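Here is a short report on a two-chain model. Please keep the sequence and the structure in view while reading.

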There are 2 protein chains.
Amino acid sequence: MPKAQEEDFLPLRDSVYNKLRQAILTGEYPPGERLMEVHLGDKLGVSRTPIREAIRMLELEGLVTMIPRKGAMVSQITEKNMSDVLEVRRALDILCVQLACERITSEGINELKKARDNFEKAVATNDNRIIAQADVEFHNVIIRATGNDRLISLEDSLSLPMYRYRYEYIKDSSGHDNLVKEHRKIVNAIEKRNPEAAASEAGEHIDNQRRSIMRQIRLEREEETMNALYGKRTIR
Amino acid sequence: MPKAQEEDFLPLRDSVYNKLRQAILTGEYPPGERLMEVHLGDKLGVSRTPIREAIRMLELEGLVTMIPRKGAMVSQITEKNMSDVLEVRRALDILCVQLACERITSEGINELKKARDNFEKAVATNDNRIIAQADVEFHNVIIRATGNDRLISLEDSLSLPMYRYRYEYIKDSSGHDNLVKEHRKIVNAIEKRNPEAAASEAGEHIDNQRRSIMRQIRLEREEETMNALYGKRTIR
DNA sequence: CCGTTTGTTTATGTATACAAAGTCAGAGGT
DNA sequence: ACCTCTGACTTTGTATACATAAACAAACGG
């Protein structure tokens, strides 16, 4: 018998977790949306148990806020909130490049250069989706080069909350020239194993990101205020 | 009506979570110990559901490792593992004092001085439990002074894995004099709002901690090896 | 005697049932 | 007209039952 489907047998809770995470990050479930267990269970065709476990995981990552006996909702994104995350990420990103300077292998450097070139090619396409993807991959190369598993997973969970803003950030960066230049500088510093230079470039890089994201959030907030004043359209 | 018990009505999962966490941190459940749901449920007098949720939480914090379809066990503490955590904490601790320099209020400074004095009094008692407690509180004052909620919760979960070693660390620090001096230096730097000095002191502080913890882990490992060679005694 | 296979046991994965708390609306009284 | 109380309904909290995979052991065959 052929048994066509050699599917991954990952537990339902993980599958649910991925779906919910995706839905939250793409904005399908906007901040403030209540996540009700039976409802989600019906929608995804599973019982409450895996849903509950998935929600617990999302809560620990900060994407979901739970109030006991009340239920779960998609976390509000406040300026303070995002600012806090970025502040931490700044320190950790700098740590990443510093460690990378010490520990990156020659293969790692090749990989990094490839990621850099890939990013520049992506910029040439002018497709923001491709650019964002290449950008993530570039950073991942650096993060992995640290060899610090805890740092890797922290960076991962701290980047999550701002994936929503990544597009706008990419679009923002005037002609993408800055991004390309910054990436090049970082690669050069790491290649020369110069932690100070790398740290300062990485700091600048994330400061720019911060400016863009903050502007974005303020825009959203203004829009919300307008809606509140002049009547809110339904989301969908 | 008096209604004597104004007890916190925290959900069972949180109560279970606290108990398990405590048991792991005190070493009652040593690394590698399997955590079986029915067994724990019987022991704590609750059903599997809250147990499962508590285990999920512990997993996200890194205290427990899960293998699908296999079960959960207390995470092994490896040197690499601990080193990774300390590397991250070093960066975050430095960030903490830097932010504290910028943001601490005058009440905060008073609180900090009080915590410092408290620590010195604790040292005078020569009771390691009291000293450890005062040390945690001292650091918490600084962490809270940053006003960064994300940083606060990260510091919290990153300190967890090494609570097991805190005693030894305290005991180690020759006569506690170093600890007292380091704390004083940090307080002075923050009071003068001198981020560079504060950063360098905080760095030194955690480097010392690192040395002590690493020595401790190596001792444990040696002991394990001896046991493996000459016959292991039962744990209890 | 060893290896393979199969059955039994044990623990997890998932679903569902029941209990209790919270919410909201409507009836009734002031 | 407003406030309050009550009761139904909604939703989470917890327990339990059933399904399925993994581990171990015993039996069978080579």
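In this predicted model, Arg34(A) sits opposite Met73(A), a residue of strand β3 in chain A. The two strands involved, β1(A) and β3(A) (residues 71–74), run antiparallel and are joined by two bridges. They belong to an open sheet of three strands in chain A, ordered β1-β3-β2, with antiparallel pairing. At the edges stand β1 (34–35) and β2 (64–67) of chain A; each has a single partner strand, so one side of each lacks a neighbour in the sheet. Helix α3 of chain A (residues 48–61) lies across β1, β2 and β3 of that chain. Its direction makes about 110 degrees with β2(A).

Chain B has an open three-stranded sheet too, in the order β1-β3-β2 and with antiparallel pairing. Its edge strands are β1 (34–35) and β2 (64–67) of chain B, each paired on one side only. Two bridges connect β1(B) with β3(B) (residues 71–74), and these strands run antiparallel. Arg34(B) faces Met73(B) in β3(B).

**Overall make-up of chain A**

Chain A holds 10 helices and three strands. From the N terminus, its elements follow the order α-β-α-α-β-β-α-α-α-α-α-α-α. Its C-alpha atoms fill a box of roughly 65 × 55 × 35 Å along the principal axes.

**The interface**

How much area do chain B and chain A bury between them? The value is about 2500 Å², with 57% of it on carbon and sulfur atoms. Three residues of chain B stand out: Arg56(B), Glu87(B) and Arg150(B) supply 24% of the area that chain B buries against chain A. No other three residues supply more. In residue terms, the contact takes 28 from chain B and 29 from chain A.

**Helix packing**

Two packed helices are described by the angle between their axes and the distance between the axes. The table gives these values for three pairs.

| Helix pair | Angle | Axis distance |
|---|---|---|
| α4(A) and α4(B) | about 135 degrees | 10 Å apart |
| α7(A) and α4(B) | roughly 50 degrees | within 7 Å |
| α4(A) and α7(A) | roughly 145 degrees | within 10 Å |

Take the α4 pair, which links the chains. Helix α4 spans residues 79–103 in chain A and residues 79–103 in chain B. With that angle, α4(A) and α4(B) are therefore oblique to each other. The crossing of α4(A) past α4(B) is right-handed. On the chain A side, the contact uses Glu87(A), Val88(A), Ala91(A), Leu92(A), Leu95(A), Leu99(A) and Arg103(A). They meet Glu87(B), Val88(B), Ala91(B), Leu92(B), Leu95(B), Leu99(B) and Arg103(B). The residues of this contact comprise 10 nonpolar, no polar and four charged.

The second pair also joins the chains. Helix α7 of chain A covers residues 149–159, and its axis crosses that of α4(B) at roughly 50 degrees. That angle makes α7(A) oblique to α4(B). From α7(A) come Asp149(A), Arg150(A), Leu151(A) and Leu154(A). From α4(B) come Lys80(B), Asp84(B), Val85(B) and Val88(B). The contact residues divide into four nonpolar, no polar and four charged.

The third pair lies within chain A. Is the crossing of α4(A) and α7(A) left-handed or right-handed? It is left-handed. Here α4(A) contributes Val85(A), Val88(A), Arg89(A), Leu92(A), Asp93(A), Leu95(A), Cys96(A) and Leu99(A). In turn, α7(A) contributes Leu151(A), Leu154(A), Glu155(A), Leu158(A) and Ser159(A). By class, the residues of this contact are nine nonpolar, one polar and three charged.

Some residues recur across these contacts. Val88(A) of α4(A) takes part in the contact with α4(B) and in the contact with α7(A). Leu151(A) of α7(A) takes part in the contact with α4(B) and in the contact with α4(A).

Definitions and conventions
Residues are numbered from 1 along each chain as its sequence is written. Chains are lettered from A and ligands numbered from 1 in the order in which they are written. This is a predicted model: local features need pLDDT of at least 70, side-chain atom pairs count only at pLDDT 80 or more; totals for chains, interfaces and linings use all residues. Side-chain values use heavy atoms; hydrogens and water are left out. Axes are lines fitted to C-alpha atoms, for helices over the stretch in contact, and angles run from 0 to 180 degrees between N-to-C directions. Helices (H or I, at least four residues) and strands (E, at least two) are DSSP runs, numbered from the N terminus. Angles under 35 degrees count as roughly parallel, over 145 as roughly antiparallel, 65 to 115 as roughly perpendicular and the rest as oblique. A crossing is left-handed if the near helix is turned anticlockwise from the far one by less than a right angle, and right-handed if clockwise. Contact means heavy atoms within 4.5 Å. Ala, Val, Leu, Ile, Met, Phe, Trp, Tyr, Cys and Pro count as nonpolar, Asp, Glu, Lys and Arg as charged, and the others, Gly among them, as polar. Two strands pair if DSSP finds at least two bridges between them. Buried area is the accessible area (1.4 Å probe) that two parts lose on being put together, summed over both.
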